[in-house]
Amino acid sequence: MPEPKHPGLMRLAPLALRLASLAALASTCVTLPTPLRAQGAATPAPYQFTIEDYARAERFLGANASPLVSGMAGRPTWLADGRAWYRVSTSGGGGSFVMVDPVRRTRGPAFDHARLAAALTTATGSRVEADRLPFQVFELAAGGQLTVTLRGQRMRCDLTAYTCASAGATRPAPPNSRTSPDGKWAVFIKDHNLWMRDLHTGDEGALTTDGIQDFGYATDNAGWTHSANPVITWSPDSRQIATFQHDGRGVRDMYLVSTNVGTPTLQAWKYPVPGDSVIFRISRVIISQGPDGRPRVVRLQMPPDQHRSTVSDHVSCGGSICDTQWYPDGSHLAFISSSRDHKDAWLRIADARTGAVRTVLHERSETQLGDASLPEDLWRVLPASNEVIWWSQRDNWIHLYLYDLTTGALKNPITTGDGNVTEVVRVDEKARQVWFTAVGREAGRDPYFQHLYRVGFDGKGLTLLTPEPRHHTVSVSPDGRFILDTYSTPDTPPVTVLRDRDGRVLQALERADISALLASGWRAPVPVRVKARDGTTDIYGLMYLPTHLDSTKKYPIINHIYPGPQSGSVGPRSFIPARGDNQALAELGFVVVELDGMGTPGRSKAFHDYYYGRMGDNTIPDQVAGMKELAARHPFIDIENVGIWGHSGGGFATAAAMFRHPDFFDVGISESGNHDNRNYEDDWGERYQGLLVRTDSSDNYAAEANQTYAKDLRGKLFLIHGMMDDNVPPYNTTLVADALMKAGKDFDMLMLPHARHGFGADGPYIMRRRWDYFVTHLQKNIPPREYRIGQPRIVP
């Protein structure tokens with residue numbers, strides 16, 4: 001966050017037409033679509049791009065490229081009997097479900113797809129295709145009873161007779177509700193209070209009664225994101241709910257105004273910004289059933305917490321409360337309280353019956369504590385042994401530590417050395433072992449590649465379980481006997497294997513087939529390693545080249561940037577057939593590069609904190625140094641013609657690059673940028689810039705704001721923002737526009753009347769405008785008029 005990094009891409013063309021188009025393209029002899037100058041040659045006359053040129057680029061977008069890959073396994077689900085199922089992609093964009101029995105070493109269809117499709121067609125009256133079953137998950141009970149949800153209706157299917165019918169007695173959960181782990185109850189918000197519905201009888205009742213406007217229960221509002229869904233954490237036995245009363249009283253409002261015929265509609269909601277005297281607070285409560293059968297609300301005996309967590313700019317993680325864990329027996333609730341500036345965190349334990357709270361330990365950082373790029377379960381309370389596994393960056397890396405749960409005394413480090421723990425996958429309390437994933441531990445490899453390890457609570461016996469030099473995504477069976485592992489790199493397709501508990505490969509399960517993708521002309525991104533601004537630190541990224549690359553010619557370079565600090569430009573180090581429109585843009589005659597500069601996560605704490613308190617840095621000096629090094633290596637890169645674009649935080653970085661480095665960057669497209677963090681949500685700026693400190697004439701945020709430097713623009717800048725953006729309000733961009741106008745600068749600007757932060761339905765239009773802008777101003781060529789991405793067409 002700001003997020004999402006990539007806007008929605010396109011409306012999908014009908015598959016048959018799309019595949020026909022790809023087949024025609026694959027059989028065509030593709031020539032260079034733009035007469036780029038040979039090295040040392042004079043600049044040629046402008047080239048008129050054709051519809052066919054843009055269509056050839058479009059084939060490398062996800063909607064066209066992804067269906068050409070089969071054999072990519074999804075996330076597995078383990079069953080109580082020890083088996084596991086997952087969905088695997090099939091040719092043409094379909095999928096099938098696979099069942100694996102690790103004990104018997106068998107792999108096969110989870111069920112008869114054709115018979116199940118026929119049964120669902122009969123039961124629903126709507127056609128269901130066997131290779132496109134309309135669900136991603138299912139429940140499988142003993143006796144071969146499969147339950148799925150289709151268009152909001154629960155269907156139960158007999159896998160012996162292959163008949164399906166409505167699941168019957170269970171009532172649908174209300175909209176915007178959270179269902180209990182046992183599936184019997186649904187909790188929702190009504191009139192600022194929590195209500196619960198019995199999903200068998202349909203009966204409803206209030207759990208709380210004193211919620212009021214701006215002080216309601218389980219409210220999902222962080223300013224930058226807000227919904228009608230409740231934020232709650234169910235106890236494992238579905239008998240208790242941990243939540244909070246969300247205090248927005250006194251918090252200032254944010255406003256957006258609709259575009260429509262007649263009087264516009266004003267949208268207003270609570271949205272604190274850095275420096276506000278009042279921000280959101282949460283008063284924690286536990287709700288259970290009292291002795292009289294009526295709801296019982298226990299308030300935790302502590303002051304309200306700041307609306308903060310260690311792992312997000314929100315207190316909601318997937319609808320549950322971040323940094324919260326129940327004891328297995330539901331007797332206590334463990335949680336982390338964070339300070340407003342994210343420099344302090346306290347692990348606390350609450351008695352669920354009385355609300356008494358005690359503090360176990362305190363962690364402090366001089367910059368910001370936590371890592372918003374990580375999952376929220378890097379710590380585990382272990383009441384059976386009276387211990388807690390805690391994580392910290394105190395030694396410059398994310399490591400695990402073992403503490404006494406009563407005294408808060410450190411027993412010992414569990415992990416040490418270079419490299420970050422990224423997830424606690426499994427804790428075996430009996431064997432006193434932790435299974436965890438980590439990056440950066442294996443010397444000589446890409447430091448972002450993730451591997452699985454096992455180590456003792458005492459820090460001894462560290463074992464690498466996934467040795468291949470690839471990025472590993474793993475799932476460990478509940479009993480710890482088996483591992484399902486999918487590994488790949490950005491330029492190597494995935495392989496899925498079954499391993500034993502010690503990492504030995506027992507069975508090959510899937511190997512992705514990219515032959516159809518290669519036949520379409522697809523070219524893998526090139527992993528790159530260059531030096532950062534200091535000339536010493538290695539930074540990593542991906543470079544995208546035209547499939548028709550002519551090394552005797554010069555290609556303008558475009559930097560696609562997301563500066564962090566909670567993520568980087570590249571994204572996952574696993575195989576992805578299409579990463580946004582990077583390859584499509586390259587196909588128009590550019591070199592596109594993404595680099596994770598200093599200030600992004602995944603490396604050391606010092607690396608991540610590099611521009612803490614200087615958010616206007618945006619890793620730009622690293623981007624400049626990296627692109628210059630790539631140009632020195634590859635003469636086909638035209639380092640005299642440099643473009644840059646980004647969305648959200650990348651929009652902030654793009655404008656900063658154009659203003660602060662006008663000698664280097666020639667053309668920039670800034671989308672949805674948070675150009676002045678005083679106009680963005682409080683948690684973001686106060687975490688990475690620090691608390692706002694005012695002086696007589698300014699404050700510590702002013703020097704990082706883009707409008708401060710707008711007068712220095714020399715190149716071509718295109719500002720784009722959604723007028724209904726409720727994440728990064730559009731006034732961030734109009735501030736920059738105002739400064740540019742006052743400085744007498746020429747620039748381009750497009751405000752989208754109905755678009756939210758990611759542009760939604762306007763995404764394809766903005767993508768095409770992005771292509772046009774770089775073709776026009778960086779290549780000095782002429783784009784086709786009003787090309788429409790996603791429109792079915794056959795390219796000759």
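The exercises below, each with a worked solution, concern a predicted model.

Local features in this predicted model need pLDDT of at least 70 and side-chain atom pairs count only at pLDDT 80 or more, while totals for chains, interfaces and linings use all residues. Residues are numbered from 1 along each chain as its sequence is written, and side-chain values use heavy atoms, with hydrogens and water left out.

**Exercise 1. Determine how strand β46 is covered and which strands pair with it.**

Step 1. Strands here are DSSP runs of E with at least two residues, helices are runs of H or I with at least four, and both are numbered from the N terminus. Buried means under 20% relative accessible area, exposed over 50%, and partly exposed in between, with a 1.4 Å probe and protein chains only. By this criterion five of the five residues of β46 (667–671) are buried: V667, I669 and E671 on one side, and G668 and S670 on the other.

Step 2. Two strands pair if DSSP finds at least two bridges between them. β46 pairs in the parallel sense with β45 (residues 637–647) over five bridges, and in this pairing G646 stands opposite S670. Five bridges also join β46 to β47 (residues 716–722), again running parallel, with K716 of β47 as the bridge partner of V667.

Step 3. The connections can now be traced: β45, helix α9 (residues 649–660) and β46 make a right-handed β-α-β unit, and β46, helix α10 (residues 682–688) and β47 make a right-handed unit as well. Right-handed means that, with the strands pointing away from the viewer, the path from the first strand over the helix to the second runs clockwise.

**Exercise 2. In the sheet of β37, β38, β39 and β40, find the order of the strands and explain why some of them stand at the edges.**

Step 1. The four strands form an open sheet in the order β37-β38-β39-β40, with antiparallel pairing.

Step 2. β37 (471–476) and β40 (505–511) each have a single partner strand, so one side of each is left without a neighbour in the sheet, and they stand at the edges.

Step 3. Neighbouring strands of this sheet are turned by 20 degrees against each other on average, direction ignored; the axes are lines fitted to C-alpha atoms, for helices over the stretch in contact, and angles run from 0 to 180 degrees between N-to-C directions.

Step 4. Within the sheet, β38 (residues 482–489) and β39 (residues 492–500) are paired over seven bridges in the antiparallel sense, and T489 stands opposite T492 of β39.

**Exercise 3. Identify the residues with the most contacts inside the largest nonpolar core, and list partners of V591.**

Step 1. A nonpolar core is a set of buried Ala, Val, Leu, Ile, Met, Phe, Trp, Tyr and Cys residues joined through side-chain atoms within 4.5 Å. The largest has 40 residues, and those with the most contacts inside it are V591, I620, I637, F659, F665 and L740.

Step 2. Leaving aside neighbours within four places in sequence, V591 is in contact (heavy atoms within 4.5 Å) with residues including M543, L545, I557, F636 and I637. Apart from this core lies another, of 34 residues, among them I336, L361, V388 and V434.

**Exercise 4. Locate the cis peptide bond before P565 and the positive phi of N386.**

Step 1. Most residues other than glycine have a negative phi, and most peptide bonds are trans. The bond joining G564 and P565 is cis, with omega about 5 degrees, and P565 has its place in the loop between β43 (555–560) and α6 (582–587).

Step 2. N386 has a phi near 60 degrees and is found in the loop between β29 (380–382) and β30 (387–392). At 28% relative accessibility, N386 counts as partly exposed.
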